[in-house]
Amino acid sequence: MIIYWSMLGMTGILAFIQWKMGEKKIVIGSRKICRGTEVIAFIWAAYIIFWIGLRSGIGDTLAYISGFKEIPVGFDYFKSYMSSIDKGIGFSFLAFVFKNIISQNYHAWLFFLTLITTFCIVRVYYKKSENFLFTAYLFLASGIFTWLLNGIRQFLATAILFVFSDWIVENKIKRYVILILLVSLIHNTALIMIPVCIFLKAKKPWKWQTLLLAGIFVIGIFYADSLLNLFTETEMGMAYAEGLAKSEGTNILRVVVAAVPCVLAFWERDLIEKKGNDFLNLCVNMSFVSFCFYALSAATSGVLLGRLPNYFEIYNMLLIPWLLNHGFKGKSGRLIKILCIAFYLAFFYYQMTQAWSMYYISDFTGRI
C-alpha cells in the first residue's frame with residue numbers, strides 16, 4: 001500500500017512547495033489562485049497517472065487486461081468481435097481501435113484510460129477549485145481515486161460527463177442529454193444522470209426539488225430490494241447483478257462521510273444563496289444526490305446502488321474547499337480545516353487497510 005500513501009505524500013510535498021513559493025495570487029477568469037498551480041497540477045496528475053497506469057492486478061484490472069488480450073488483431077475481425085459484445089459497446093469499440101491502430105500492449109491501454117480519465121477530472125478541479133491541492137487531497141483520501149483501479153469503465157463515463165458539467169450550468173440540457181446517451185455506450189449507468197440533470201440542473205439547493213428528491217429516496221428504501229431482485233431476473237442483468245445485488249450494501253461510515261458536505265452546505269445555505277453561483281448550486285445538489293444514493297444503498301442489500309454515487313460524489317471535492325474557505329474564518333476556520341484533513345486521513349487508512357485491504361500490484365513492482 002506504500003504507493004497509495006506516496007500519492008498522499010506527494011500531495012503534501014507539493015502543498016509545502018506551494019506554501020514556500022508564497023501566497024501571491026494570480027487571476028484566472030473570476031478566480032484568484034496561488035501562482036504555480038498549473039505546474040503543480042501537472043506534476044500531481046503525472047504522478048497519479050504513472051502509478052495507476054502501471055498497475056496490473058488490482059480490483060477488476062485483471063478482467064480488463066484479459067478482455068484486451070482477447071481482442072482480435074485485424075480489421076477483418078471487427079464485425080464479428082463487435083457482434084459478440086453485449087454491454088459497453090462504445091468501450092469495446094474504443095479498445096478494438098486502440099489495439100489495432102495504436103498498441104497491442106495492455107499497459108499502453110491502461111495508461112491511455114488512466115490518462116483520459118485523470119485529465120478530465122484534473123481539468124475541472126484546476127478550473128473550479130478554490131484550492132486545487134486540497135481538492136486533490138480529498139480526491140485521494142476519500143477513496144474516489146480507487147475508481148481508477150476498480151470500476152474503470154464506469155469511472156471513464158463519470159469523468160467525461162464531469163468535464164462537460166458546465167453544460168448543465170449553462171442550461172444546455174439537450175446537448176448534455178445527447179452526451180449522456182453517447183457515454184452510456186461506455187457504461188449504461190450513465191443514464192442515471194438524465195433525470196438528475198433535467199430535474200435539478202443548477203437550481204438553488206434546499207428548495208422544493210430537494211425535498212421531493214429526498215422523499216423519493218426515502219420511499220426507495222422500502223422498494224429498492226424488490227427492484228434489484230427484478231433486475232437480477234432479467235437475462236441481461238443476471239451475470240452483473242449476481243455479484244452486486246446480493247451483498248451487505250454500503251458501509252455506514254461511507255454514508256457518514258457523504259453526509260458531511262451536505263450538512264456543511266445546509267449550515268451555510270444562506271451564504272450559498274447570497275453568492276448566487278450556479279456551479280456551486282450544482283455541486284450542492286450533486287452532493288445531496290450522492291448522499292441519498294449512499295443512504296439508500298446502506299439501507300438495502302444493493303451494492304449496485306452504491307456504485308452510482310461516483311457520478312455525483314466527485315463534485316464534493318469542489319464543494320468542501322469552498323465551504324471551508326468562505327464559511328469558516330479565523331482560528332475556527334483553520335481548526336475546521338485541520339480536523340477535516342485529519343478525519344479524511346483516518347478514513348483513508350480505514351478504507352485501504354481495513355475495509356478493502358487494497359494492495360498495489362504491478363508487473364514491475366510486485367505486490368506492495
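Which handedness does the crossing of α2 and α6 have, left-handed or right-handed? I took this up as my opening entry, bearing in mind that I am working with a predicted model.

**Entry: α2 and α6**

I looked up the pair formed by helix α2 (residues 37–54) and helix α6 (residues 106–128), and found that their axes come within 9 Å and cross at roughly 150°. Since angles over 145 degrees count as roughly antiparallel, I noted α2 and α6 as roughly antiparallel to each other. The crossing of the two is right-handed, which settles the question I began with.

I then went through the residues that meet here. On the α2 side I listed Thr 37, Glu 38, Ala 41, Trp 44, Ala 45, Ile 49, Phe 50, Ile 52, Gly 53 and Leu 54, and facing them in α6 I listed His 107, Leu 110, Phe 111, Thr 114, Leu 115, Thr 118, Val 122 and Tyr 126. Sorted by class, this contact of α2 with α6 comprises twelve nonpolar, five polar and one charged residues.

**Entry: two positions in α5**

I turned next to helix α5 (residues 89–102), where I located Ser 92; Ala 95 has its place in α5 as well.

For Ser 92 I read a relative accessibility of 9%, and because buried means under 20%, I entered Ser 92 as buried. Setting aside residues up to four places away in sequence, I found that Ser 92 touches Tyr 81, Met 82, Ile 85 and Lys 87.

Ala 95 has a relative accessible area of 5%, so I entered Ala 95 as buried too. Beyond its neighbours within four places in sequence, Ala 95 is in contact with Phe 68, Ile 71 and Trp 109. I also looked up the separation between the C-alpha atoms of Ala 95 and Leu 113, which stand 18 residues apart along the chain, and wrote down 9.7 Å.

**Entry: α14 and α20**

My last pair was helix α14 (residues 252–267) with helix α20 (residues 330–355), which pack at an angle of about 155° with their axes 12 Å apart. That angle makes α14 roughly antiparallel to α20, and the crossing of α14 and α20 is left-handed.

The residues that make this contact are Leu 253, Arg 254 and Val 257 from α14, together with Phe 343, Tyr 344, Phe 347, Tyr 350 and Gln 351 from α20. By class I recorded six nonpolar residues, one polar and one charged for the contact of α14 with α20.

How values were computed: Residues are numbered from 1 along each chain as its sequence is written. This is a predicted model: local features need pLDDT of at least 70, side-chain atom pairs count only at pLDDT 80 or more; totals for chains, interfaces and linings use all residues. Side-chain values use heavy atoms; hydrogens and water are left out. Axes are lines fitted to C-alpha atoms, for helices over the stretch in contact, and angles run from 0 to 180 degrees between N-to-C directions. Helices (H or I, at least four residues) and strands (E, at least two) are DSSP runs, numbered from the N terminus. Angles under 35 degrees count as roughly parallel, over 145 as roughly antiparallel, 65 to 115 as roughly perpendicular and the rest as oblique. A crossing is left-handed if the near helix is turned anticlockwise from the far one by less than a right angle, and right-handed if clockwise. Contact means heavy atoms within 4.5 Å. Ala, Val, Leu, Ile, Met, Phe, Trp, Tyr, Cys and Pro count as nonpolar, Asp, Glu, Lys and Arg as charged, and the others, Gly among them, as polar. Buried means under 20% relative accessible area, exposed over 50%, partly exposed in between (1.4 Å probe, protein chains only).
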